[in-house]
Amino acid sequence: MKNFCVIDIGTNAVKIKIFSNGEYHILRNKHIAQINNNVSKEDILKHVEDFMRTAKEEYDVMPEHTYIFATEGVRSAPNGKEIQEELEQKTHRKLHILNPQREARLSILGGLSSIRLKNRPKHILFIESGGGSTEISFLDMSQRPFNIVASKSLPIGSRDGKQELHQEQKLQEFCAELQEKGLKIDPSVQIVINAGGASKLIAQHLQKPSYRPDLLAKHQDSISLSDFTQNCAKILSQQNYDDDFKKAYFLKPETTNGFIGHINVLHHVLDTLQKQPDFNLPQNTNISTTLGGLKDGAAKEIEHRYKKEDLNITDNIEEKAGTNVNNDKEYMKPIRRYYQKVAQQENAEYAEEENSPSYHAILKRDNGEKLHIRAKDSKNIGLTAQNKNGKSKIPNYEDFNKLALYAKEQEQTVSFGNIKSEEFKARLLLACMENNVAIVKMPHIDMEKIDKETSLRIKKAKFHKKEIKLKSSDASKQEKQQKIDLTPYITEQKQRA
């Protein structure tokens with residue numbers, strides 16, 4: 001699967017989520033200044049270009065696989081059109097300015113995918129509190145992944161701070177739409193709130209005192225609707241937000257107003273909804289916060305669009321005589337075309353085993369050697385070789401290179417099948433490294449059991465511009481066998497994210 005990234009231009013910040021080598025990475029958000037109540041065009045252009053450069057240089061994401069989205073900050077800005085035209089001209093990528101409905105759907109998809117809800121609720125009230133707008137949606141969870149029964153975009157956000165809000169009419173319209181559709185709120189209903197970076201603080205301080213923010217992603221505690229609105233009101237009733245308040249809430253001077261703004265919006269929305277006679281939201285309704293948002297939902301959609309089965313490679317594929325695993329043989333066509341081309345390039349003879357129930361091609365070379373390529377379906381490929389005397393041997397380095405290039409051509413990641421030979425694993429890993437092909441799970445290879453040339457090439461190889469690290473299997477005995485383990489590389493990437 002190809003690497004890609006999603007850039008989300010919000011009202012207060014530009015965010016990015018990167019999919020690279022089978023894993024997601026999130027970099028630190030970049031702040032957008034407000035100039036005369038308008039988003040800074042210069043900040044947006046600079047941040048997007050910086051993110052695209054980092055994605056390419058450090059995560060091998062090509063510009064054509066970068067997807068850029070903008071929401072209310074650009075959507076309602078007087079210079080929004082100017083931002084779009086200049087950004088597209090500089091990046092050569094389309095800027096998708098989302099309408100409120102599309103924004104809500106992606107935010108919900110991202111938010112729900114990042115938490116584990118209790119008791120499988122039939123209904124969810126989802127509130128997306130942004131910098132410049134707030135989307136409220138009522139979801140029917142009986143249809144997967146969800147069905148938006150009603151949705152309303154409110155022109156209020158965290159940038160409004162503590163000022164008095166008046167969205168009663170729009171919230172009444174939201175409730176009326178639910179009533180018109182004959183919806184009766186199920187007792188299992190839950191509320192999910194996404195308030196961007198403030199979600200951690202809201203979850204920590206509006207829930208029980210022992211709640212730990214570092215466990216937010218693992219343990220989704222909840223708070224009742226009545227307790228939540230009371231706590232919001234308590235915070236808003238404070239006259240001064242002094243240093244003690246900021247310290248208690250881990251706030252910086254530049255984030256304090258935004259945090260209070262989120263609390264103000266959430267209190268206004270929930271308090272107004274509770275007062276609607278036909279809404280009937282139980283006072284003990286559970287509220288949970290989520291860290292997932294628009295960029296996560298967009299990334300999930302794009303991943304689903306790109307996702308293909310991993311190319312599972314092994315040194316043997318068992319076949320059952322007379323079993324036809326794929327009647328139409330469609331999966332054979334791309335691999336057949338590829339290896340016919342390889343045979344032509346090598347001036348080798350290409351032949352297929354007619355009695356094989358699945359794909360089995362043989363490349364017969366001038367020196368008497370043979371390469372066997374077997375595929376029982378589109379995702380499982382076996383590679384074996386014979387020397388001129390007919391004895392089994394490990395395929396040549398170039399054979400693995402060609403196989404890695406096939407995976408790249410098909411935009412597939414590579415996974416290591418049930419490979420018994422350490423040398424086979426090592427050469428396949430080397431081919432993926434040298435050809436920059438994504439690997440699903442890094443293998444462990446006993447360096448004492450592979451050829452000296454292979455070992456030297458692996459030590460010199462670089463994977464995504466990172467030196468390969470070798471770990472001794474026993475640190476106290478340096479002369480003991482070594483195993484290659486790319487876990488440090490993966491760990492390093494996660495820590496940086």
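**Exercise 1. L125 in strand β9**

Task: Determine whether L125 is buried or exposed in this predicted model, and state which residues surround L125.

Solution.
Step 1. The relative accessibility of L125 is 0%. The limit for a buried residue is under 20% relative accessible area, so L125 counts as buried.
Step 2. L125 belongs to strand β9, which spans residues 123-129.
Step 3. With neighbours within four places in sequence set aside, L125 is in contact with S137, F138, F174, Q190, I191, V192, L270, L273 and L281.
Step 4. A C-alpha to C-alpha distance of 7.2 Å separates L125 from I136, and the two are eleven residues apart in sequence.

**Exercise 2. The chain as a whole**

Task: State how many helices and strands the protein chain has, and what share of its residues is buried.

Solution.
Step 1. The protein chain holds 15 helices and 26 strands.
Step 2. Of its 497 residues, 51% are buried.
Step 3. Among contacts in the chain with a separation of 6 or more, 66% are between residues 24 or more positions apart.

**Exercise 3. The nonpolar cores**

Task: Identify which residues of the largest nonpolar core touch the most other members, and which elements give two or more residues to this core.

Solution.
Step 1. The largest nonpolar core has 43 residues, and those touching the most other members are I335, Y339, Y359, I373, I381 and L383.
Step 2. Two or more residues come from each of the strands β15 (311-314), β17 (359-364), β18 (370-375), β19 (380-386) and β21 (414-416), and from each of the helices α11 (332-346), α12 (397-409) and α13 (422-434).
Step 3. The most is given by α13, with eight residues.
Step 4. A second core, separate from this one, has 40 residues, including I193, L236, V269 and F279.
Step 5. Returning to the largest core, take I373 as a worked case. Apart from neighbours within four places in sequence, I373 is in contact with I335, Y339, Y359, H360, A361, L363, I381, G382 and L383.

**Exercise 4. Packing of α13 and α14**

Task: Describe at what angle α13 and α14 pack, and which residues meet between them.

Solution.
Step 1. Helix α14 covers residues 452-460; α13 and α14 pack at an angle of about 35°, and their axes are 10 Å apart.
Step 2. The crossing of these two helices is left-handed.
Step 3. From α13, E423, A426, R427, L430 and E434 meet T454, R457 and I458 of α14.
Step 4. Sorted by class, this contact contains three nonpolar, one polar and four charged residues.

**Exercise 5. Two buried basic side chains**

Task: Establish whether K425 is buried or exposed, and what its side chain reaches. Then treat R365 likewise: is R365 buried or exposed, and which residues does R365 touch?

Solution.
Step 1. K425 is placed in helix α13. Its relative accessible area is 13%, so K425 is buried.
Step 2. The K425 side chain makes a polar contact with the side chain of E422 at 3.2 Å, and the K425 side chain also reaches the backbone oxygen of H444 at 3.2 Å.
Step 3. Apart from neighbours within four places in sequence, K425 is in contact with F416, I419, H444 and I445.
Step 4. R365 is located in the loop between β17 and β18. With a relative accessible area of 17%, R365 is therefore buried.
Step 5. Not counting residues up to four places away in sequence, R365 touches E346, A348, L371, N396 and D399.

Terms used:
Residues numbered from 1 in each chain as written. Predicted model: local features only at pLDDT ≥ 70, side-chain atom pairs only at ≥ 80, totals over all residues. Heavy atoms only, no water. Core = buried A, V, L, I, M, F, W, Y, C linked by side-chain atoms within 4.5 Å. Buried < 20%, exposed > 50% of the residue type's maximum accessible area, 1.4 Å probe, protein only. Helix = DSSP H or I, 4+ residues; strand = E, 2+ residues; numbered from the N terminus. Contact = heavy atoms within 4.5 Å. Axes fitted to C-alpha atoms, helices over the stretch in contact; angles between N-to-C directions. Left-handed = near helix turned anticlockwise from the far one by under 90°. Nonpolar A, V, L, I, M, F, W, Y, C, P; charged D, E, K, R; others polar. Polar contact = N/O pair within 3.5 Å; in protein donor to acceptor, adjacent residues only side chain to side chain.
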